[in-house]
Amino acid sequence: KNIVVLTGAGISTSAGIPDFRSPESGLYDNLQKYNLPNPQAIFEIGYFKENPEPFFTLAKELYPGSFKPTICHYFIKLLSDKNLLLRNYTQNVDSLERIAGVPGDKMVEAHGTFHTGHCLGECRREYTHEWMR
């Protein structure tokens with residue numbers, strides 16, 4: 001009755017979203033066009049504050065709406081619908097669990113999410129998915 005689901009990039013690759021580390025097809029292997037000091041820099045806050053353009057360009061490519069949830073995402077929703085899901089811990093930022101209908105209170109989005117955004121300044125104001133789009 002208390003099922004915990006842990007998800008990572010593998011749940012979304014069949015939706016067309018690349019994982020990070022696979023040779024040739026992985027995201028880190030395909031960031032040359034951004035002229036980064038290293039592939040991980042695109043997600044480092046220090047680099048973002050100096051040069052946010054690469055992150056926002058990549059985010060636009062990966063932004064929700066271009067990809068559809070997979071059968072795995074809908075399976076997690078089914079667990080929730082049957083009151084079996086205690087929590088879904090996800091490393092993914094693609095929001096496909098939310099798009100499939102998994103309730104936000106059942107999710108921990110460990111690396112953030114496209115569902116909301118926050119101001120990096122002192123105000124820390126939260127912005128909705130609609131505003132970010």
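**Figure 1. Helix 2 gives the largest pocket the largest share of its lining, 6 residues.** The model shown here, as in every view below, is a predicted one. The pocket itself has a volume of about 1,400 Å³. There are 40 lining residues, and the ones closest to the pocket centre are Phe-55, Val-93, His-111, Thr-113 and Phe-114. Helix 2 has company here: helix 1, helix 2, strand 4 (116–118) and helix 5 (129–132) each put at least two residues into the lining. Sorted by class, the lining comes out as 24 nonpolar, 9 polar and 7 charged residues.

**Figure 2. Helix 2 and its buried face.** Helix 2 runs over residues 53–62, and its buried residues are Pro-54, Leu-58, Ala-59 and Leu-62. Look down the helix axis and these buried residues fall within an arc of 130°, so they line one face of helix 2. Turn to the face away from that buried side and you meet the exposed residues Glu-53 and Lys-60. And what covers the buried residues? Helix 1 (45–50) is part of the cover.

**Figure 3. A closer look at Leu-58.** This residue sits in helix 2, and its relative accessibility of 3% makes it buried. Which residues does Leu-58 touch once its neighbours within four places in sequence are set aside? The contacts are Leu-27, Leu-31, Tyr-34, Ile-42 and Phe-43. Take Ile-42 from that set: Leu-58 and Ile-42 are 16 residues apart along the chain, with 8.6 Å between their C-alpha atoms.

**Figure 4. Helix 3 also has a buried face.** Here the buried residues are His-73, Ile-76, Leu-79 and Ser-80. Viewed down the axis of helix 3, they fall within an arc of 115°, so they line one face of the helix. Strand 1, strand 2 and helix 4 are among the elements that cover these buried residues. Just after helix 3 ends, Asn-83 takes a positive phi of about 55°; Figure 6 comes back to this residue.

**Figure 5. Ile-76 and its surroundings.** Ile-76 belongs to helix 3 and counts as buried, at 2% relative accessibility. Leaving out neighbours within four places in sequence, Ile-76 is in contact with Val-5, Thr-7, Ile-11, Leu-85, Asn-88, Glu-97 and Val-102. Don't look for His-129 in that list: it lies 53 residues from Ile-76 along the chain, and 22 Å separates the two C-alpha atoms.

**Figure 6. Two asparagines with positive phi.** Most residues other than glycine have a negative phi. Against that background, Asn-35 catches the eye: it isn't a glycine, yet its phi is positive, about 50°. Where does Asn-35 sit? It is in the loop between strand 1 (3–7) and helix 1, and a relative accessibility of 67% makes Asn-35 exposed. Asn-83 is another non-glycine residue with a positive phi, near 55°. Its loop is the one between helix 3 (71–81) and strand 2 (85–90). Is Asn-83 buried or exposed? Its relative accessible area is 65%, so Asn-83 counts as exposed.

**Figure 7. Cysteines, but 0 disulfides in the whole structure.** Cys-123 is in no disulfide, and the nearest cysteine sulfur, on Cys-119, is 3.3 Å away. Why does that pair not count? A disulfide here needs the two cysteine sulfur atoms within 2.5 Å. Cys-123 is exposed, at 51% relative accessibility. Cys-72, by contrast, is partly exposed, with 40% relative accessibility.

**Figure 8. Pro-103 in its loop.** Pro-103 is placed in the loop between helix 4 (96–100) and strand 3 (107–109). With a relative accessible area of 30%, Pro-103 is partly exposed. For a sense of distance, take Cys-119 from the previous view: Pro-103 and Cys-119 are 16 residues apart along the chain, and their C-alpha atoms are separated by 24 Å.

Conventions:
Residues are numbered from 1 along each chain as its sequence is written. This is a predicted model: local features need pLDDT of at least 70, side-chain atom pairs count only at pLDDT 80 or more; totals for chains, interfaces and linings use all residues. Side-chain values use heavy atoms; hydrogens and water are left out. Buried means under 20% relative accessible area, exposed over 50%, partly exposed in between (1.4 Å probe, protein chains only). Helices (H or I, at least four residues) and strands (E, at least two) are DSSP runs, numbered from the N terminus. The arc is that of the directions from the helix axis to the C-beta atoms. Contact means heavy atoms within 4.5 Å. On a 1 Å grid over the protein atoms alone, a cavity is a set of points where a 1.4 Å probe fits but cannot get out, and a pocket is an open set with protein on both sides within 12 Å along at least five of seven lines; lining residues have an atom within 4 Å of a point. Grid points are joined across faces, edges and corners, and a volume is the space filled by probe spheres set on the points. Ala, Val, Leu, Ile, Met, Phe, Trp, Tyr, Cys and Pro count as nonpolar, Asp, Glu, Lys and Arg as charged, and the others, Gly among them, as polar.
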